[in-house]
Amino acid sequence: MVYQFTGQFPKSEIYGLTSQFRRAAISIAANIAEGFKKKGAADKVRFLNIAQGSLEECRYYLILSKDLDYGEAARSSPKGRG
């Protein structure tokens, strides 16, 4: 959904907000997956904390996108998921 949303941003944002938003979104799932395979609890928590930080970053990017009039993300589930 982030890729679809940011695909509508101005081309001038391709190396700015679009890139940052997409990287933060990817980081959420990637860090959860990486933390899941770690053996120690401390490592698991560290990766989950990184994922949570990326989630907060994405929330900020949603606010910024609205403030810049780049659109507003609707609160809905991805296609085919309810």
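**Entry 1. Order of elements**

I looked up the order of the elements from the N terminus on and found that they run α-α-α. The model is a predicted one, and I read every entry below in that light. I then checked the number of helices and strands: the protein has three helices and zero strands.

**Entry 2. Overall dimensions and surface**

I took the extent of the C-alpha trace along its principal axes, which is about 45 × 30 × 15 Å. The protein has 82 residues, and I found 23% of them buried. For the surface I noted an exposed area of about 6,100 Å². Carbon and sulfur atoms supply 57% of that area.

I also looked at how far apart in sequence the contacting residues lie. Of the contacts with a separation of 6 or more, 54% are between residues 24 or more positions apart.

**Entry 3. Helix α2**

I turned next to helix α2, which covers residues 17-36 and so has 20 residues by the run of the assignment. From its first C-alpha to its last I read 29 Å, close to the 28 Å expected at 1.5 Å a residue.

Which residues of α2 are buried? I listed Leu-17, Thr-18, Phe-21, Ala-24, Ser-27, Ile-28, Asn-31 and Gly-35. I then asked what covers the buried residues of α2. The cover includes α1, residues 2-6, and α3, residues 41-67.

**Entry 4. Aromatic pairs**

I searched the whole structure for aromatic pairs and obtained five. One of them joins Phe-9 and Tyr-70, with 5.2 Å centre to centre and 45° between the planes, a tilted arrangement. I placed Phe-9 in the loop between α1 and α2 and Tyr-70 in the segment after α3, so this pair ties together parts that are 61 residues apart in sequence. Are these two residues buried or exposed? I found both Phe-9 and Tyr-70 buried.

Phe-21 and Tyr-61 form another tilted pair, at 5.5 Å centre to centre and 50° between the planes. This pair links distant parts of the chain, since Phe-21 is in helix α2 and Tyr-61 is in helix α3, 40 residues apart. I recorded Phe-21 as buried, and Tyr-61 as buried too.

I then followed the ring pairs from residue to residue. They link Phe-5, Phe-9, Phe-21, Tyr-60, Tyr-61 and Tyr-70 into a cluster.

**Entry 5. Leu-55 and Phe-21**

I returned to Phe-21 to set it against Leu-55, which I located in helix α3. Leu-55 and Phe-21 are 34 residues apart in sequence, and I read 10 Å between their C-alpha atoms. Leu-55 is partly exposed, at a relative accessible area of 35%, whereas Phe-21 is buried.

**Entry 6. Salt bridges**

How many salt bridges does the structure hold? I counted two.

I examined the salt bridge of Arg-59 with Glu-56 and found the closest N and O atoms 3.4 Å apart. Both residues belong to helix α3, and because they are three residues apart there, about one helical turn separates them. I looked up the accessibility of each partner. Arg-59 is partly exposed, with a relative accessible area of 46%. Glu-56 is likewise partly exposed, at 40% relative accessibility.

I then examined the salt bridge of Glu-72 with Lys-66, whose closest N and O atoms are 3.9 Å apart. That distance falls within the 4 Å cut-off, so the contact counts as a salt bridge. Glu-72 is exposed, with a relative accessible area of 58%. Lys-66 counts as partly exposed, at 46% relative accessibility.

**Entry 7. A charge over a ring**

I looked for a charge placed over an aromatic ring and noted Lys-44, which lies over the face of Phe-36. The distance from the ring centre is 5.7 Å.

**Entry 8. Backbone at Asp-69**

I checked the backbone of Asp-69, a residue in the segment after α3. Its phi is near 60°, and I noted this as a positive value in a residue other than glycine. Is Asp-69 buried or exposed? I found Asp-69 exposed, with a relative accessible area of 70%. Tyr-70, by contrast, I had already entered as buried.

Definitions and conventions: Residues numbered from 1 in each chain as written. Predicted model: local features only at pLDDT ≥ 70, side-chain atom pairs only at ≥ 80, totals over all residues. Heavy atoms only, no water. Helix = DSSP H or I, 4+ residues; strand = E, 2+ residues; numbered from the N terminus. Expected span 1.5 Å × (residues − 1). Buried < 20%, exposed > 50% of the residue type's maximum accessible area, 1.4 Å probe, protein only. Contact = heavy atoms within 4.5 Å. Salt bridge = Lys/Arg side-chain N within 4 Å of Asp/Glu carboxyl O. Phe/Tyr/Trp six-rings, centres within 6.5 Å; stacked < 30°, edge-to-face > 60°. Lys NZ or Arg CZ within 6 Å of the ring centre and 35° of its normal. Areas by Shrake-Rupley, 256 points an atom, 1.4 Å probe, with all protein chains shown as cover.
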